[in-house]
Amino acid sequence: MNVDLAYFEIPFLKPYRVGTESISVRRGIMIRTKTGKRFGYGEVAPLLGFHRETLEQSLSSLRESVANNTAPMCPSAAFGLSCAVETAAANPRYGFADPAPESDVGINAFFAGGSRDAKIAFTAGSFDGFQTIKIKIGRGKPVDDLRTINTIIELVDPEVRIRLDGNRNMSLEVAERLLSRIDASRIDYVEEPLKDHADLSELARRVGMVMGIDESLHLGVPIEEVLGAPGVEVQIVKPSLIGTLEEVESVVTQGRIHGMDTVLSTAVDTSYTIALVARMARSLGVGDRDHGLGTACLFASDVVAPNPIIQGRMKVQLTLPTPNLFFVPADQFTLPC
């Protein structure tokens with residue numbers, strides 16, 4: 001297989017917090033392959049705090065797989081190479097045929113800030129048209145989270161649903177105290193609020209809210225302990241943390257078998273990958289959900305023009321975008337120091 005690679009750096013508009021770290025630049029590698037006269041592209045961009053591999057490890061895994069004609073061991077590299085191969089083949093199984101049917105997918109608004117930031121965002125129209133808003137919680141004091149959540153609930157229309165994302169930061173007791181003081185009827189689901197996934201069902205029972213899993217899908221938790229557990233009804237799937245497109249499809253299918261809805265998201269990837277995942281939502285049969293694909297607004301620049309989001313809906317582009325990058329043969333490629 002002939003593979004070309006390009007390095008990219010995309011600056012954030014302001015430092016982006018991942019766990020206890022803040023990053024100012026998104027780094028990654030874009031893969032280019034060719035089938036006939038058609039090029040295909042895939043992104044390899046492990047993110048600190050999400051992926052277990054580094055960019056250097058992903059590159060090594062990619063090179064080994066190309067040399068041996070096998071799937072890369074690192075999930076981010078496996079995802080990127082799979083995307084490049086399947087977009088070059090215009091595989092309709094994943095929605096990659098061009099031109100695509102006219103369609104759009106729902107997107108949740110993304111918010112990570114305090115109550116004062118929430119008021120500013122509302123005044124600026126950042127929540128206009130969105131039917132769901134995702135709020136980061138568990139990073140600071142619970143009383144501040146409570147104030148922020150209730151501020152947004154009071155500001156937006158009553159039919160707007162709220163998603164809370166705790167990134168496994170809280171104990172059962174802290175999460176219960178926080179969530180029990182929120183109107184449960186306004187909450188779509190609470191994503192991974194607990195340090196211990198084994199307590200998710202108990203938390204759901206105590207507060208009357210649906211729980212969602214994200215990190216539990218990717219961090220080696222025995223899958224039978226979370227899929228279909230009482231009160232755990234949604235899985236948030238980040239494809240680049242799983243591997244090949246075939247493996248992503250399998251995760252969606254397994255969730256469906258266990259009665260779980262799937263919400264697709266990305267690990268703060270470029271607008272190119274967002275465009276792919278937006279197509280995948282339809283092809284994988286989860287297009288009726290609002291997905292976590294609204295992070296392009298965090299970047300000061302991008303490798304392709306972002307898909308427009310109008311009234312909380314992302315338009316699926318008729319043709320896949322082409323990353324504006326300088327590619328070199330894989331054997332000539334090196335990462336900058």
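Me: In the hairpin of β2 and β3, which residue takes a positive phi?
Reply: In this predicted model, the residue is Gly-36, with a phi near 65°. Two residues lie between the strands of that hairpin. Beside the turn, Thr-35 has Arg-38 of β3 as its bridge partner. Seven bridges join β2 to β3, and the two strands run antiparallel.

Me: Which residue in the turn between β1 and β2 has a positive phi?
Reply: That residue is Gly-19, at about 65°. β1 and β2 also form a hairpin with two residues between them. Their pairing is antiparallel and extends over 11 bridges. Asp-4, for instance, stands opposite Arg-32 in β2.

Me: What is the order of the strands in the open sheet?
Reply: A general idea helps first: side chains in a regular strand alternate between the two faces of the sheet. Here the order is β3-β2-β1-β15, four strands with antiparallel pairing.

Me: Which strands stand at the edges?
Reply: They are β3 (38–44) and β15 (328–329). Each has a single partner strand, so one side of each lacks a neighbour in the sheet. For β15, two bridges join it to β1 (residues 4–18). Within that pairing, Leu-5 has Val-328 as its bridge partner.

Me: Which helix lies across β2 and β3?
Reply: Helix α2 (residues 75–88) lies across β2 (21–35) and β3. Its direction is at about 165° to β3.

Me: How much space lies in the largest pocket?
Reply: The general idea is that rolling a probe the size of a water molecule over the atoms shows where empty space is left. In this structure the largest pocket holds about 980 Å³. It is lined by 40 residues, of which Lys-14, Phe-110, Phe-111, Ala-112 and Leu-298 are the closest to its centre. Elements giving two or more residues to the lining include β5 (109–111), α3 (115–123) and α9 (271–283).

Me: Which element supplies the largest share of that lining?
Reply: That element is β1, with five residues.

Me: How many disulfides does a search of the whole structure find?
Reply: In general, a disulfide is a covalent bond between the sulfur atoms of two cysteines. The search finds zero here. For Cys-74, the nearest cysteine sulfur belongs to Cys-83 and is 16 Å away.

Me: Is Cys-74 buried or exposed?
Reply: Cys-74 is buried, because its relative accessible area of 12% falls under the 20% cut-off.

Me: Is Cys-297 buried or exposed?
Reply: Cys-297 is exposed, because its relative accessible area of 53% is over the 50% cut-off.

Note on methods: Residues numbered from 1 in each chain as written. Predicted model: local features only at pLDDT ≥ 70, side-chain atom pairs only at ≥ 80, totals over all residues. Heavy atoms only, no water. Disulfide = S-S within 2.5 Å. Buried < 20%, exposed > 50% of the residue type's maximum accessible area, 1.4 Å probe, protein only. Pairing = 2+ DSSP bridges. Contact = heavy atoms within 4.5 Å. Axes fitted to C-alpha atoms, helices over the stretch in contact; angles between N-to-C directions. 1 Å grid on protein atoms, 1.4 Å probe; cavity = no way out; pocket = protein on both sides within 12 Å on 5 of 7 lines; lining within 4 Å. Points joined across faces, edges and corners; volume = space filled by probe spheres on them.
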